[in-house]
Amino acid sequence: MTEENPLDALIILLNKFKVCSPSKSNNEWSEINSLLIFLYICKNEQKGTLSRDLEEIIGLRQSSMSRNLTKLSDPNYIYNKNGRGLLRGIEDPYERRRKKWFLTSKGEKLKNTIVEWRKN
């Protein structure tokens, strides 16, 4: 029997909720999408995650993805005073329009809290 990855369990739960939720409130969907983005980046933290890949996995348009990534990113990143400081985007040295997203130290702490909570 393999041990279930706590991040996978949360991703499955949020995707199920998103599919069956009767509410279509933009704010509610935005928060769920932000959580999904954060969890997928947690899973790929070592190699980073491209915005384009997240768009395909979560099913968001580029504009919605950008808005969610900005909300989750470092407050010191491009006029983003309200950012939560969980993610940072690094430009691809070969393609400046592409970014890979990684956890900040604050994002890493939150990920560790989630993993530890799920283990208990």
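**Exercise 1. Place Asn-15 in the fold of this predicted model.**

Solution. Start with the contacts: beyond the residues within four places in sequence, Asn-15 touches Leu-36 and Tyr-40. Next, locate the residue: Asn-15 belongs to helix α1, residues 6-20. Then look for a partner that is distant in sequence. Ile-58 is 43 residues away along the chain, yet the two C-alpha atoms are 8.8 Å apart. Last, take the accessibility. The cut-offs are under 20% for buried and over 50% for exposed. Asn-15 has a relative accessible area of 30%, so Asn-15 is partly exposed.

**Exercise 2. Describe the order of elements in the chain and how much of the chain is buried.**

Solution. First count the elements: the chain has five helices and three strands. Read from the N terminus, their order is α-α-β-α-α-β-β-α. Now turn to burial: of the 120 residues, 42% are buried. Finally, consider the contacts between residues at least 6 apart in sequence; 47% of these join residues at least 24 apart.

**Exercise 3. Work out how α3 and α4 are arranged relative to each other.**

Solution. Begin with the axes. Helix α3 covers residues 51-58 and helix α4 residues 62-72; their axes come within 10 Å and cross at roughly 110°. Angles of 65 to 115 degrees count as roughly perpendicular, and α3 is therefore roughly perpendicular to α4. The hand of this crossing is right-handed.

Now list the residues at the contact. From α3 come Ser-51, Leu-54 and Glu-55, and from α4 come Gln-62, Met-65 and Leu-69. Sorted by type, the residues of this contact are three nonpolar, two polar and one charged.

**Exercise 4. Decide how the buried residues of α3 and of α4 are distributed around each helix axis.**

Solution. Take α3 to begin with. Its buried residues are Ser-51, Leu-54, Glu-55 and Ile-58. Viewed down the axis of α3, they fall within an arc of 105°, so they line one face of the helix. The spacing follows a general rule: an α-helix has 3.6 residues a turn, so residues three or four places apart point the same way. Just after α3, Gly-59 has a positive phi of about 85°.

Repeat the procedure for α4. Here the buried residues are Ser-64, Met-65, Asn-68, Leu-69, Lys-71 and Leu-72. Down the axis of α4 they lie within an arc of 160°, so they too line one face of their helix.

Compare with the contact in the previous exercise: Ser-51, Leu-54 and Glu-55 of α3 meet α4 and are among the buried residues of α3. On the α4 side, Met-65 and Leu-69 take part in the contact and are among the buried residues of α4.

**Exercise 5. For the loop residues Lys-47 and Thr-104, determine whether each is buried or exposed, and what each touches.**

Solution. Lys-47 sits in the loop between α2 (26-43) and β1 (49-50). Its relative accessible area is 56%, so Lys-47 is exposed. Setting aside residues up to four places away in sequence, Lys-47 contacts Lys-100 and Phe-102. The C-alpha atom of Trp-101, 54 residues away along the chain, is 8.9 Å from that of Lys-47.

Thr-104 is in the loop between β3 (95-103) and α5 (105-119). With a relative accessibility of 11%, Thr-104 counts as buried. Apart from neighbours within four places in sequence, Thr-104 touches Gly-85, Leu-86, Leu-87 and Arg-88.

Methods: Residues are numbered from 1 along each chain as its sequence is written. This is a predicted model: local features need pLDDT of at least 70, side-chain atom pairs count only at pLDDT 80 or more; totals for chains, interfaces and linings use all residues. Side-chain values use heavy atoms; hydrogens and water are left out. Axes are lines fitted to C-alpha atoms, for helices over the stretch in contact, and angles run from 0 to 180 degrees between N-to-C directions. Helices (H or I, at least four residues) and strands (E, at least two) are DSSP runs, numbered from the N terminus. Angles under 35 degrees count as roughly parallel, over 145 as roughly antiparallel, 65 to 115 as roughly perpendicular and the rest as oblique. A crossing is left-handed if the near helix is turned anticlockwise from the far one by less than a right angle, and right-handed if clockwise. Contact means heavy atoms within 4.5 Å. Ala, Val, Leu, Ile, Met, Phe, Trp, Tyr, Cys and Pro count as nonpolar, Asp, Glu, Lys and Arg as charged, and the others, Gly among them, as polar. Buried means under 20% relative accessible area, exposed over 50%, partly exposed in between (1.4 Å probe, protein chains only). The arc is that of the directions from the helix axis to the C-beta atoms.
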